[in-house]
Amino acid sequence: MGVWVALALLGAGTAGCSPGPDGPAVIEVDAPAALADRAVHVRITGLPPGAEVTVGSRATDLRGRAWSGRAVFRADADGRVLLDTAVPRSGTYQGADGMGLFWSMAPQDGDPEQSSFFPAPSPQHGYEVTLTADVPGHRSASRTLTRAWCADGVTSRELTPAADGIAGELFLPAPGTPRHPAVLVFGGSEGGNGGTRTASLLASHGYPALALGYFGLPGLPDRLEDVPLEYFVRAADLLAGQPGTDPAHLLALGYSRGSEAALLLADHHPERVHGAIVYSPSSQVNGGFPDRGTTAWTEDGKAVAQGPIPLDRVSGPVLAVAGADDLLWPSPRSARQIVQELDAAHDPYPHRALVYPDAGHGVGTYPYLAAGTRPTHPVTGRPSELGGTRAGNAAAQAAGWPEVLALLASLDGPADRVHPG
């Protein structure tokens, strides 16, 4: 697990309260500074066997709100608590989960089901989580961990409609990194550009990524209406032209309503977009948003017709990820239909659906951030019932994100190295 960093849990000097058999108890962390999508392994040692210890987490979001998590454990016969395997007696999460104290944090004010932890105003800045350990009769120990959005050397550049013809942020791996597959990242009906952290993490793993906004930003439409697919093609061309991009392997990653655009790009422009990763997807084109009576997407100045999305021209892999308990729309059915459509078209490239139990519309992307299941929609201002549970979504993200990275890794190398099937 690498080098463990320990912090002593100092005795308070209270008579009759002695430390563990090997001296002061300590908090040990294998990665005090790590990417935000990396699991850290925490253990507390040197405790009196059988002692009760409360382990907590706390962090501050971009609005200055305090968030915290908590779990109470009983030390084992060796005076240890290993968070990866220890089951809390009580707390903000249940069951053994080494990252439970991160995703289960709740705000001090407000309903955690209606809140999400947004840690920093910019992906260039990491955020801090402080872990604490409290044992009766001893002073608290604490250890502050840094969760980074960008690996060393990753660069970013803001893109504007005036200067670049698109709105977004481009993230590139450290200069000199060999060419790798690239990912065009965009969200759904929330508008704006919520994909920056996903893109920054992809670039940190070596994959050039462009987080793209397509409405709800200066210089763009106010609503998801009449958005031209040519706009996405322009973004794909910009990404393909970057020095670290393998232009033969460029995928679109679309979330929710963005899944429609991702699949349309992969089918209509297979020479530019070589596959798709879709979260909480739709297998068909829907109307505009919030007015469903309007047109969402256009191409060549004409409306893209509503109805099933044909997938007979896709030139690369497709991964569809959904939560089995999605209440916003039937994404599990769509994920399976996408695979069935590709099967029917005798698509030779890898394609599969991952449907996670107890997860809802918030099934992706990267793991370990606290997020509720009933947020207020930023466009309509109304509560959204996304379905699933916080724990189910956290488990799905922890399982699904490595699948995305593995898919990209499978495309690494020259174009002739990737074989259909």
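**Questions about a predicted structure**

Me: Into how many nonpolar, polar and charged residues does the lining of the largest cavity divide?
Reply: This is a predicted model, and it holds 1 cavity of 30 Å³ or more. Trp103, Leu369, Ala370, Ala371, Arg390, Asn393, Ala394 and Gln397 line that largest cavity. Sorted by class, they come out as 5 nonpolar, 2 polar and 1 charged.

Me: Which helix gives the largest share of the lining of the largest cavity?
Reply: We're talking about a space of about 50 Å³. Arg390, Asn393, Ala394 and Gln397 are among its lining residues. The element with the largest share gives 4 residues and covers residues 390-410, and that's helix H7.

Me: What about pockets: which element gives the most to the lining of the largest pocket?
Reply: The largest pocket has about 1500 Å³ of space, and strand E14 (180-186), helix H3 (196-204), strand E17 (245-255) and H7 each give two or more residues to its lining. The top contribution is 3 residues, and it comes from H3.

Me: And which residues lie nearest the centre of the largest pocket?
Reply: There are 48 lining residues to pick from. By class they split into 18 nonpolar, 24 polar and 6 charged. The ones nearest the centre are Ser116, Phe118, Glu190, Gly194 and Tyr366.

Me: How many charged residues are in the lining of the second largest pocket?
Reply: This pocket has a volume of about 270 Å³. It is lined by 15 residues, with Ser189, Phe289, Arg292, Leu328 and His377 closest to its centre. The lining has 5 nonpolar and 6 polar residues, and the charged ones number 4.

Me: Phe289 came up there. Which residue is joined to Phe289 by a cis peptide bond?
Reply: Look in the loop between strand E19 (284-285) and E20, where the partner sits. The bond has an omega of about 5°. The residue joined to Phe289 is Pro290.

Me: Which strands stand at the edges of the open sheet that includes E20?
Reply: The sheet has 3 strands in the order E16-E20-E21, with mixed pairing. E16 and E20 run parallel and are joined by 2 bridges. An edge strand has a single partner, so one side of it is left without a neighbour in the sheet; here that goes for E16 (227-228) and E21 (302-303).

Me: Which residue in E20 stands opposite Pro228?
Reply: E20 covers residues 297-299 and is bridged to E16. Within E20, the residue opposite Pro228 is Thr298.

Me: Are the two faces of strand E2 covered or open?
Reply: In a regular strand, side chains alternate between the two faces of the sheet. In E2 (residues 25-29), 5 of the 5 residues are buried. Ala25, Ile27 and Val29 are buried on one side and Val26 and Glu28 on the other, so both faces are covered.

Me: What is the bridge partner of Glu28 in E4?
Reply: E2 and E4 (residues 42-45) run antiparallel, with 4 bridges joining them. For Glu28, the partner in E4 is Arg43.

Me: Is Thr373 buried or exposed?
Reply: Thr373 lies in the loop between strand E24 (351-356) and H7. Beyond its neighbours in sequence, its contacts include Ser384, Leu386, Arg390 and Asn393. Buried means under 20% relative accessible area. Thr373 is at 6%, so it counts as buried.

Me: Which residue's side chain makes a polar contact with that of Thr373?
Reply: The two side chains are joined at 2.7 Å. The partner also appears on the list of residues in contact with Thr373. It's Glu113.

Me: How far apart in space are Val318 and Thr365, C-alpha to C-alpha?
Reply: Val318 lies in strand E23 (residues 318-323) and is buried, with a relative accessible area of 5%. Thr365 is found in the loop between E24 and H7, where a cis peptide bond joins it to Gly364. In sequence the pair is 47 residues apart, and in space the distance is 16 Å.

Me: What is the phi of Asp358, roughly?
Reply: Asp358 also has its place in the loop between E24 and H7. At 45% relative accessibility, it counts as partly exposed. It isn't a glycine, yet its phi is positive, at about 65°.

Definitions and conventions:
Residues numbered from 1 in each chain as written. Predicted model: local features only at pLDDT ≥ 70, side-chain atom pairs only at ≥ 80, totals over all residues. Heavy atoms only, no water. 1 Å grid on protein atoms, 1.4 Å probe; cavity = no way out; pocket = protein on both sides within 12 Å on 5 of 7 lines; lining within 4 Å. Points joined across faces, edges and corners; volume = space filled by probe spheres on them. Nonpolar A, V, L, I, M, F, W, Y, C, P; charged D, E, K, R; others polar. Pairing = 2+ DSSP bridges. Buried < 20%, exposed > 50% of the residue type's maximum accessible area, 1.4 Å probe, protein only. Polar contact = N/O pair within 3.5 Å; in protein donor to acceptor, adjacent residues only side chain to side chain. Contact = heavy atoms within 4.5 Å. Lists of a residue's contacts leave out its neighbours within four places in sequence.
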